[in-house]
Amino acid sequence: MPIEQTIGAGDAENDLSMLVHAGIGVAMGTASDAVKAQADYAAPSVDEDGIAHTLSPYSLIPEPELPSSSQLKFTNCYWNYPSIRCTI
């Protein structure tokens with residue numbers, strides 16, 4: 001899969017390489033200004049459904065009635081466009 005077809009999301013300095021090299025780099029709401037400056041897109045925080053807001057425009061998840069992050073807690077998410085694997 002070409003790197004241009006990937007989405008990388010992160011909020012810390014150690015995520016910068018991923019954000020810069022991914023096809024779309026997404027800085028989460030809790031990211032520092034330095035991290036946000038390197039990303040293509042700044043999403044709301046995870047607590048504000050930032051991942052859902054990021055993925056729904058690409059039709060990777062349905063738009064209507066997205067579950068709130070208070071209902072689902074994701075860990076160990078791996079995005080490999082067009083699929084996402086997460087542990088709940």
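**Strand order, crossovers and cores in a predicted model**

Strand E2, helix H2 (residues 33–38) and strand E3 form a right-handed β-α-β unit. A second right-handed β-α-β unit is made by E1, helix H1 (residues 16–21) and E2. The model in which these units appear is a predicted one. Along the sequence, the chain follows the pattern β-α-β-α-β-α-β-β, with 3 helices and 5 strands.

Three of these strands are arranged in an open sheet, in the order E1-E2-E3 and with parallel pairing. Strand E1 (7–10) and strand E3 (41–42) are at the edges of the sheet; each has a single partner strand, so one side of each is left without a neighbour in the sheet. In general, the strands of a sheet pair through backbone hydrogen bonds, and the pairing is either parallel or antiparallel.

The pairing can be followed residue by residue. E1 is joined by 4 bridges to strand E2, which spans residues 24–27, and the two run parallel. Within this pairing, Gly-8 of E1 stands opposite Gly-25 in E2, Ala-9 has Val-26 in E2 as its bridge partner, and Gly-10 is partnered in E2 by Ala-27. On the E3 side, 2 bridges join E2 to E3, and these strands also run parallel. Val-26 has a bridge partner in E3 as well, namely Tyr-41. Val-26 is thus bridged to Ala-9 and to Tyr-41.

In a regular strand, side chains alternate between the two faces of the sheet. For E1, both faces are covered: Ile-7 and Ala-9 on one side are buried, as are Gly-8 and Gly-10 on the other. Ile-7 and Ala-9 also belong to the largest nonpolar core, which has 6 residues and further includes Val-26, Met-28, Ala-43 and Leu-55. Apart from this core lies another, of 5 residues, among them Ala-27, Ala-31, Val-35 and Ala-39. The bridge partners Ala-9 and Val-26 are therefore both members of the largest nonpolar core, as a set of buried residues joined through side-chain atoms within 4.5 Å. Ala-27, the bridge partner of Gly-10, is one of the residues of the other core.

Several residues outside the sheet strands were also examined. Thr-6 is located in the segment before E1. Its relative accessibility is 15%, so Thr-6 counts as buried. A polar atom of the Thr-6 side chain lies 2.6 Å from the backbone oxygen of Ile-3. Asp-15, in the loop between E1 and H1, is likewise buried, because its relative accessible area of 16% is under the 20% limit. Asp-15 and Val-26 are 11 residues apart in sequence, and their C-alpha atoms are 9.9 Å apart in space.

Two further loop residues lie on either side of helix H3. Asp-49 is placed in the loop between E3 and helix H3 (50–55). Although Asp-49 is not a glycine, it has a positive phi of about 65°. Most residues other than glycine have a negative phi. Tyr-58 is found in the loop between H3 and strand E4 (75–80). With a relative accessibility of 41%, Tyr-58 counts as partly exposed, because this value falls between the limits of 20% and 50%. When neighbours within four places in sequence are left aside, Tyr-58 is in contact with Ile-7 and Ile-24. Of these contact partners, Ile-7 is a buried residue of E1 and a member of the largest nonpolar core.

For the chain as a whole, 27% of the 88 residues count as buried. The chain exposes about 5,700 Å², of which carbon and sulfur atoms supply 53%. Among contacts between residues at least 6 apart in sequence, 16% join residues at least 24 apart.

Methods. Residues are numbered from 1 along each chain as its sequence is written. This is a predicted model: local features need pLDDT of at least 70, side-chain atom pairs count only at pLDDT 80 or more; totals for chains, interfaces and linings use all residues. Side-chain values use heavy atoms; hydrogens and water are left out. Two strands pair if DSSP finds at least two bridges between them. Buried means under 20% relative accessible area, exposed over 50%, partly exposed in between (1.4 Å probe, protein chains only). Contact means heavy atoms within 4.5 Å. Accessible areas come from the Shrake-Rupley method with a 1.4 Å probe; for residues, only the protein chains shown count as cover. A crossover is right-handed if, with the strands pointing away from the viewer, the path from the first strand over the helix to the second runs clockwise. A polar contact is a pair of N or O atoms within 3.5 Å; within protein, one must be able to donate a hydrogen and the other to accept it, and residues adjacent in sequence count only if both atoms are side-chain atoms.
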